[in-house]
Amino acid sequence: MTKPNTMKALEKSKPEEGLWMVQAPVPEIGPDDVLIKVNKTGICGTDIHIWNWDDWASHTVPTPMITGHEFAGEIVEIGRNVTGLSIGQRCSGEGHLIETDSRQSRAGKFHLDPGTRGVGVNVQGAFAQYLRLPAFNVVPLPEDIPDEIGAILDPLGNAVHTALSFDLLGEDVLITGAGPIGIMAAAVARHAGARNVVITDINQDRLALAQHVVPSVRPVDVTKEDLNDIKHELKLRQGFDVGLEMSGNQQALDQMVEALVMGGKIALLGIPPGKSPVDWSRIVFKAITIKGVYGREMFETWYKMIAMLQNGLDVSRVITHRFGVDDFKDGFVAMKSGQSGKVVLDWT
Ligand code: ZN
């Protein structure tokens, strides 16, 4: 392949607010890597933290750093040890780079490896025309999954991992937080056979988007409606069986605990801004099971989500904004407005 020496890349060039479009060297790959020509990328909440250069970002991200970890593209170069992948293969990939010597990895639980590094966070990322990725992390895309969906498989994977934490077949499910991942989790819960899916937020635009993406979900603005009334409306005898907490908001978690049945289950993906007071005695006396969710299971979550997409799961309407990469600033403005779903940038 004739590859150029330099490429466009969206970089945190210096330790202050913003991202800058730069010309960066095209990465050299090692024997176990592939080089991917990036076609589409998704902007993540993580990228907003990095743009804003908040406390977390300034303590986590070295500069200069090419950001971004949600992508779809095609393989253009293959390291000499790599088997089973070919030039021209369309792919997405897992953005968590793992070590293989921890107890968890050696047990096959790669997503629990304590040495995980993040593409676009600790390692040069996907907001670029080319991305180097270990072949291990590559997830081939079937023909019926377009690049645009390939570019949001990372957050869809968060939604799938969270939603499939507990058996949802026939269950009544409460989701707190109607950001893109909460909305996609609602779609997954319906697809996985939940009876009722209720999603709460305090942002009207997000609740409207939730209903647009998943018409059968019941959106609830908790500033206007009480979950007790919703329980009556849905004729739930006790409450919700499973809660998926996507907001990181303490009040939302409190409301969830109150709204669950005895012995209910909660999967937590939302990240509170700091230490957050929790009414543990309520959780103990209701015998609630809580599971923290990190990333995506490698690669079971990817397998399940691709299978579901091929079997009718439709999250395409969660993508509300599309920009060419030269207009990346508009994409970040849309994300920061709190009114967008997923924002996808086109690098072709
Ligand atoms: Zn992400």
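This tour of a predicted model goes from one strand and its neighbours to a pocket.

**Strand E11**

Select residues 172-176, which form strand E11. The strand is mostly covered, with 5 of its 5 residues buried. Show the side chains next. Asp172, Leu174 and Thr176 point one way from E11, while Val173 and Ile175 point the other way. Such alternation between the two faces of the sheet is what side chains do in a regular strand. In E11, the residues on either side are all buried.

**Strand E12**

Add residues 196-201, strand E12, which pairs with E11 in the parallel sense over 5 bridges. To find one contact between the two, pick Asp172 and look across to Asn196, its bridge partner in E12. Now display residues 180-191 as well: this is helix H6, through which the chain crosses from E11 to E12. The β-α-β crossover made this way is right-handed.

**Strand E14**

Select residues 240-245 for strand E14, another parallel partner of E11, joined to it over 4 bridges. Ile175 marks the place to look, as its bridge partner in E14 is Leu244.

**The second largest pocket**

Move to Asp33, Leu97, Val123, Arg132 and Pro134, the residues closest to the centre of the second largest pocket. About 350 Å³ of space lies in this pocket, and 22 residues line it. Which strand gives the largest share of the lining? Select residues 130-134: this is strand E9, and it supplies 5 residues. Colouring the lining by residue class gives 13 nonpolar, 4 polar and 5 charged residues.

Notes
Residues numbered from 1 in each chain as written. Predicted model: local features only at pLDDT ≥ 70, side-chain atom pairs only at ≥ 80, totals over all residues. Heavy atoms only, no water. Buried < 20%, exposed > 50% of the residue type's maximum accessible area, 1.4 Å probe, protein only. Pairing = 2+ DSSP bridges. Right-handed = clockwise from strand over helix to strand, strands pointing away. 1 Å grid on protein atoms, 1.4 Å probe; cavity = no way out; pocket = protein on both sides within 12 Å on 5 of 7 lines; lining within 4 Å. Points joined across faces, edges and corners; volume = space filled by probe spheres on them. Nonpolar A, V, L, I, M, F, W, Y, C, P; charged D, E, K, R; others polar.
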